[in-house]
Every structure is written in structure tokens, then in C-alpha cells.
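Trainee: Could you take one helix in this model and walk me through it closely? I would like to see how its two sides compare with the solvent around them.

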Amino acid sequence: MTKKNILQNPTKTNLIVFTLLWMVSVILITLSVTDLFTESVFQKRYIPVFIIGLASSIMVAKLYYNYFKNKKN
């Protein structure tokens, strides 16, 4: 019996759940760290927030890549 890794063999449900969690978390992190409504988010002190958002975006993109790669096979 082999274990299924969610990142290597994602299902459609996994994609939906991870996409929703990713969108909500990036928006909430950005809103909590920055004062989005009164100042620009494109400042040097917010670079760590953008790095976290970029890293999570890469993981979600890899999840989609693996899903469509496995769907072809």
C-alpha cells in the first residue's frame, strides 16, 4: 500500500481547499501587517510580507502543476 502525498497527487477537492486558504491567508496577512486603506503597500518595510506571499503562491502553483500533470497520465 502506497501513501498518497497531497502535494504530488492532489485531488480537485485539495485544489479548491488550498486555493481558498491561500487567497484568504495572503489577503489577511497583507491587511494585518499593512494599513492598506491609508498608505501604500509598496514600501521597503513590507518586503517580508511579499516574500511570504510569493512563497505560498509558488507552492499553490506547484500544486496546480502536479494536478494537471497527473490528470494527463
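Mentor: Happy to! A residue counts as buried when its relative accessible area is under 20%, as exposed when that area is over 50%, and as partly exposed in between. Please keep in mind that this is a predicted model.

Let's look at helix α1, which covers residues 12-33. This helix has 22 residues and reaches 32 Å from its first C-alpha to its last, close to the 32 Å expected at 1.5 Å a residue. Within α1, the buried residues are Asn14, Leu15, Thr19 and Thr30. Viewed down the axis of α1, the buried residues fall within an arc of 125°, so they line one face of the helix. A general point helps here: an α-helix has 3.6 residues a turn, so residues three or four places apart point the same way.

Now turn to the other side of α1, where Thr13, Leu21, Leu28 and Ser32 are exposed. Take leucine 28 as a worked case: its relative accessibility is 51%, and the cut-off for exposed is over 50%, so leucine 28 counts as exposed.

Leu28 also belongs to a nonpolar surface patch of about 810 Å². Its partners in that patch are Ile16, Leu20, Met23, Val24, Ile27, Leu31 and Phe37. When you have the structure open, try colouring Asn14, Leu15, Thr19 and Thr30 as the buried set, then the patch residues in a second colour.

How values were computed
Residues numbered from 1 in each chain as written. Predicted model: local features only at pLDDT ≥ 70, side-chain atom pairs only at ≥ 80, totals over all residues. Heavy atoms only, no water. Patch = residues over 30% accessible without salt bridge, like charges linked within 9 Å, V, L, I, M, F, W, Y side chains within 5 Å. Areas by Shrake-Rupley, 256 points an atom, 1.4 Å probe, with all protein chains shown as cover. Salt bridge = Lys/Arg side-chain N within 4 Å of Asp/Glu carboxyl O. Helix = DSSP H or I, 4+ residues; strand = E, 2+ residues; numbered from the N terminus. Buried < 20%, exposed > 50% of the residue type's maximum accessible area, 1.4 Å probe, protein only. Expected span 1.5 Å × (residues − 1). Arc of directions from axis to C-beta.
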